[in-house]
Amino acid sequence: MFRRVDKMIKKATVLLILILFMNTAIAYGFSDTDTFRVAGDIQFPPYEFLDSDGIYKGFNVDLLKAISLVTGMEFEFMPMKWEDAFYSIERNQADIIQGMKESDDRRARFNFTDSLLLNSQSVFVRNNNYSINDNSNLVNKVVSVLREDIVYLELSMIKDITIIQYDTMEEATEALINGEVEAMVGNTLTVNYICKENNWIDQIKIVGQKLNEQKYSMAVSKDNPQLLRKLNEGLDEIQNNGMYDVLHRKWFGTPIKNTSKETEMKIKMLLFFLFILSLIVLSVQLINRKLNRIIEEKTREEKLLINELRNYDKLQFMDKIISSLAHEIRNPLTSIKIYTTQMKNKMDNKEFMLAAAEDIPEEIDRIDDLIKEFMEYTSPRKPQIKVLNLKNELENAIKFIKLQIRDINIDLKIPEDIYIEFDLSHFKQTIINIILNSKDALIGTENPTIKINGYVDGKNVNIEIVDNGCGMDDESLDYIFEPFYTTKDNGNGVGMFIVKKLVEENGGKIVAGNNKKTSGLFVFLTVRMGVKNED
């Protein structure tokens, strides 16, 4: 019997070492990763800019966040004026300039990544200006440009032109709108975005052909080829998995009209639609087969991407869960330690040895169950639908993170006899994500409280989770389930996106809104009702 107890003690020790090693590897997997400093323009929308809430966002910012997701690289964003960003690498203030048009002069100073997109510039004038038709008409004109823009040298060669440089593209555009200049030359996509945001689309137009159509890339020091290689690998990955296409559609909208190409575009569009119509009439069966294959491939890629996002989300707050897990393991270990330290003095105490023989295996089983539960949580897979007791599983999920929410009052009002159909691991991850999201919103709230109600509605079960925190503005609520969108300084914008995917995969629905009574956030889940198996 002593040998059996000794083996059990050794097994518990090995299990403890295994779980601590595993936890450390998962929670701190990126601890040795260098953080790269990224310089960018403080006002160059939609590429990179500070919005009215002081959040640094844009196409380039989201692009690097996506690269971070697939490579594990860490980035520190440093918004600044463009002329400062341009010299930041040479002044050793940054490792990366997150967006720059390539030129021979710049290629002599920097190494550039693979092209992010093909960039161009255009000549913009007010709608009522008919004297300027292209850049050849800029003689004796007053023109606004962005300071340190590559187009400045080209414009300075035009005879008697007056060039006024502005710190931001928005200031240069506003000068044109206000009649302070007669024309403006700037980045086509940026000016388009600025005009859309300020309702200026109908006040200006593009004249002539596009200028300086060049590659637009990230720049790094010529002394850092390893960083260049890592960025290119990440860029290639997000282009292959579809993330790049999503970001491109998100940030670049409807273009400003180009009067010189209006008639030509109408003819091309007419011919294009006739061609498409002919293809549809002649090849409808072939297109259907191809579309089916494309849908299958896109569905597979989407599943892979969602799995990557899930793993990324887990790594972000795994350290919080580990602290709870360590606390739960410590209790049975304390009991085992008490028995083992007294054994040498109580070998002849039959009652003590019987108690040890009964209690120690139970404590070891507790540790083993915790390890299995943790492994289940960290292993993404397809949903395995089971009938779950709603109250029990909510209590288990709350217990899993009780250290993180120890200062929050959890008001759980769930009948004992409500059952749902859901994957056990997915349900726990869903509840943990929602509660931790509410926890962040309760910082600084007096008497912080999260209320959870559940009730049957026909063949479904409704679950209401309400906090008394600060809530969210209407614009943020529209994007709460979108990837990479967050209003937190240290958020990753993935948690609630994963919640929505998990709920939908298990046949449920989820919505969020502001609660009028508490001013906090209101999350409403609808899941399928389960029937308890009496067998």
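Biologist: Which residue in strand 3 is the bridge partner of Gln 43?

Modeller: This is a predicted model. Strand 2 and strand 3 (residues 48-50) run antiparallel and are joined by two bridges. In strand 3, the residue that bridges to Gln 43 is Phe 49.

Biologist: Which strands stand at the edges of the sheet with the order 2-3-4?

Modeller: The sheet is open, has three strands and pairs them antiparallel. Two of its strands each have a single partner strand, so one side of each is left without a neighbour in the sheet. These edge strands are strand 2 (43-44) and strand 4 (56-57).

Biologist: What kind of peptide bond joins Pro 45 and Pro 46?

Modeller: Pro 46 lies in the loop between strand 2 and strand 3. Omega for the bond from Pro 45 to Pro 46 is about 0°, and the bond is cis.

Biologist: What is phi of Asn 140?

Modeller: Asn 140 sits in the loop between strand 8 (117-126) and strand 9 (142-146). Its phi is positive although the residue is not glycine, with a value near 65°.

Biologist: In the sheet of five strands, which strands are at the edges?

Modeller: This open sheet has the order 14-16-17-19-18, with mixed pairing. The two edge strands have a single partner strand each, so one side of each is left without a neighbour in the sheet. They are strand 14 (409-413) and strand 18 (509-514).

Biologist: What is the average twist from one strand to the next in the sheet ordered 14-16-17-19-18?

Modeller: The sheet in question is the open one with mixed pairing. From one strand to the next, its twist averages 15°.

Biologist: Which residue in strand 16 stands opposite Leu 412?

Modeller: Strand 14 and strand 16 (residues 449-457) run parallel, and five bridges join them. Opposite Leu 412, in strand 16, stands Ile 452.

Biologist: What is the volume of the largest cavity?

Modeller: Searching the whole structure gives two cavities of 30 Å³ or more. The largest cavity has a volume of about 140 Å³.

Biologist: Which strand gives the most to the lining of the largest cavity?

Modeller: The lining has 15 residues, with Phe 44, Trp 82, Gly 99, Lys 101 and Leu 146 nearest the centre. By class, the lining holds six nonpolar, three polar and six charged residues. The strand that gives the most, with three residues, is strand 6 (residues 96-101).

Biologist: Which element of the chain has the lowest mean pLDDT?

Modeller: The chain averages a pLDDT of 80, and 80% of the residues score at least 70. Over residues 10-32 pLDDT stays under 50, and the model has 26 contacts beyond four places in sequence for them. Where pLDDT is low, the predicted coordinates should not be read in detail. Strand 7 (residues 111-112) has the highest mean, 96, while the lowest, 40, belongs to helix 1 (residues 2-27).

Note on methods
Residues numbered from 1 in each chain as written. Predicted model: local features only at pLDDT ≥ 70, side-chain atom pairs only at ≥ 80, totals over all residues. Heavy atoms only, no water. Pairing = 2+ DSSP bridges. Helix = DSSP H or I, 4+ residues; strand = E, 2+ residues; numbered from the N terminus. Axes fitted to C-alpha atoms, helices over the stretch in contact; angles between N-to-C directions. 1 Å grid on protein atoms, 1.4 Å probe; cavity = no way out; pocket = protein on both sides within 12 Å on 5 of 7 lines; lining within 4 Å. Points joined across faces, edges and corners; volume = space filled by probe spheres on them. Nonpolar A, V, L, I, M, F, W, Y, C, P; charged D, E, K, R; others polar. pLDDT = per-residue confidence, 0-100. Contact = heavy atoms within 4.5 Å.
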